[in-house]
Amino acid sequence: MTPLYKLSSREIKAASITLVVTVAAMLAVVFATIGDSNPPTPMGCIRAQTAGIVGAETISGCGVEAEAKCAHAALYDSPRAQGVVAECERQDIKF
């Protein structure tokens with residue numbers, strides 16, 4: 001079977017360069033986005049995931065702010081408050 005059109009060496013070279021550039025760009029994007037998107041919470045800080053009005057809500061703070069949020073949550077007896085208090089105890093926050 002005879003091909004309809006034979007590519008010239010210039011066209012093959014242009015297609016090869018385009019392919020290499022595209023693959024390199026894709027690999028650059030993949031490697032640039034690799035990483036830990038959820039690093040561990042530093043000591044003295046809290047990051048508690050609780051149920052919010054329209055979905056999950058993150059309660060977070062460090063230092064004095066964390067102590068205030070822990071003390072406030074300790075006043076209540078709801079699953080949300082218990083989750084925050086558990087995170088405070090896990091992070092050894094004094095409240």
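A residue counts as buried when its relative accessible area is under 20%, as exposed when it is over 50%, and as partly exposed in between. With that in hand, Arg90 is easy to place: at 54% relative accessibility, Arg90 is exposed because it passes the 50% mark. Keep in mind that what you are looking at is a predicted model.

## The overall picture

Let's start with the whole chain. It holds three helices and two strands, and reading along the sequence gives the pattern α-β-β-α-α. The C-alpha atoms fill a box of roughly 85 × 25 × 15 Å along the principal axes. The radius of gyration tells a matching story: the chain has 27 Å, while a compact globule of 95 residues would come in near 12 Å.

How much of the chain is buried? Buried residues account for 18% of the 95 residues. The accessible surface adds up to about 7600 Å², and carbon and sulfur atoms own 65% of that. As for how the chain contacts itself, take the contacts between residues at least 6 apart in sequence: 41% of them join residues at least 24 apart.

## The first helix and its greasy patch

Helix H1 covers residues 9-32, and Phe31 is found in it. Phe31 is exposed, with a relative accessible area of 58%. Phe31 also has company: together with Leu19, Val23, Leu27, Val30 and Ile34, it makes a nonpolar surface patch of about 600 Å².

## The core

Now for the inside. The largest nonpolar core has 11 residues, namely Ile46, Ala48, Ile59, Ala66, Cys70, Ala73, Ala81, Val84, Val85, Cys88 and Ile93. Strand E1 (45-51), helix H2 (64-74) and helix H3 are the elements that give two or more residues to this core. Which element gives the most? That would be H3, with four residues.

Ile46 is a good residue to click on if you want to see how this region fits together. Leaving out residues up to four places away in sequence, Ile46 touches Thr41, Ile59, Ser60, Gly61, Ala66, Lys69, Cys70, Val84, Glu87, Cys88 and Ile93. Several of those names are worth keeping in mind for what follows.

## Salt bridges

A search of the whole structure turns up four salt bridges. Here are some of them, with the N to O distance for each.

| Salt bridge | Distance (N to O) |
|---|---|
| Arg80 and Glu57 | 3.2 Å |
| Glu87 and Arg90 | 3.1 Å |
| Asp92 and Lys94 | 3.1 Å |

Arg80 and Glu57 meet in a salt bridge that links distant parts of the chain: Arg80 sits in helix H3 and Glu57 in strand E2 (residues 56-62), 23 residues apart. Arg80 is partly exposed, with a relative accessible area of 35%, and Glu57 is partly exposed too, with 33%.

What separates Glu87 from Arg90? About one helical turn, because the two are three residues apart in helix H3. Glu87 is buried at 9% relative accessible area, whereas Arg90 is exposed at 54%. Glu87 is also one of the residues that Ile46 touches.

In the third pair of the table, Lys94 is exposed, with a relative accessible area of 60%. Its partner Asp92 lies in the segment after helix H3 (79-90). Asp92 has another feature to look for: its phi is near 60°, a positive value in a residue other than glycine.

## The tail end of the chain

Asp92 shares the segment after H3 with a couple of other residues worth a look. One is Gln91. Is Gln91 buried or exposed? Gln91 is buried, since its relative accessible area of 4% falls under the 20% cut-off. Setting aside neighbours within four places in sequence, Gln91 is in contact with Thr41, Pro42, Met43, Gly44 and Cys45. Thr41 is also among the residues touched by Ile46.

The other is Phe95, which is found in the segment after H3 as well. At 44% relative accessibility, Phe95 counts as partly exposed. What does Phe95 touch, not counting residues up to four places away in sequence? The list is Glu67, Cys70, Ala71, Ala74, Val85 and Cys88. Of these, Cys70, Val85 and Cys88 belong to the largest nonpolar core. Phe95 and Val85 are 10 residues apart in sequence and 9.5 Å apart in space, C-alpha to C-alpha.

Notes
Residues are numbered from 1 along each chain as its sequence is written. This is a predicted model: local features need pLDDT of at least 70, side-chain atom pairs count only at pLDDT 80 or more; totals for chains, interfaces and linings use all residues. Side-chain values use heavy atoms; hydrogens and water are left out. Patches are made of residues with over 30% relative accessible area and no salt bridge: like charges are joined within 9 Å, nonpolar side chains (Val, Leu, Ile, Met, Phe, Trp, Tyr) within 5 Å. Accessible areas come from the Shrake-Rupley method with a 1.4 Å probe; for residues, only the protein chains shown count as cover. A salt bridge is a side-chain nitrogen of Lys or Arg within 4 Å of a carboxyl oxygen of Asp or Glu. Buried means under 20% relative accessible area, exposed over 50%, partly exposed in between (1.4 Å probe, protein chains only). Contact means heavy atoms within 4.5 Å. A nonpolar core is a set of buried Ala, Val, Leu, Ile, Met, Phe, Trp, Tyr and Cys residues joined through side-chain atoms within 4.5 Å. The radius of gyration is taken over C-alpha atoms; the globule rule is 2.2 Å times the number of residues to the power 0.38.
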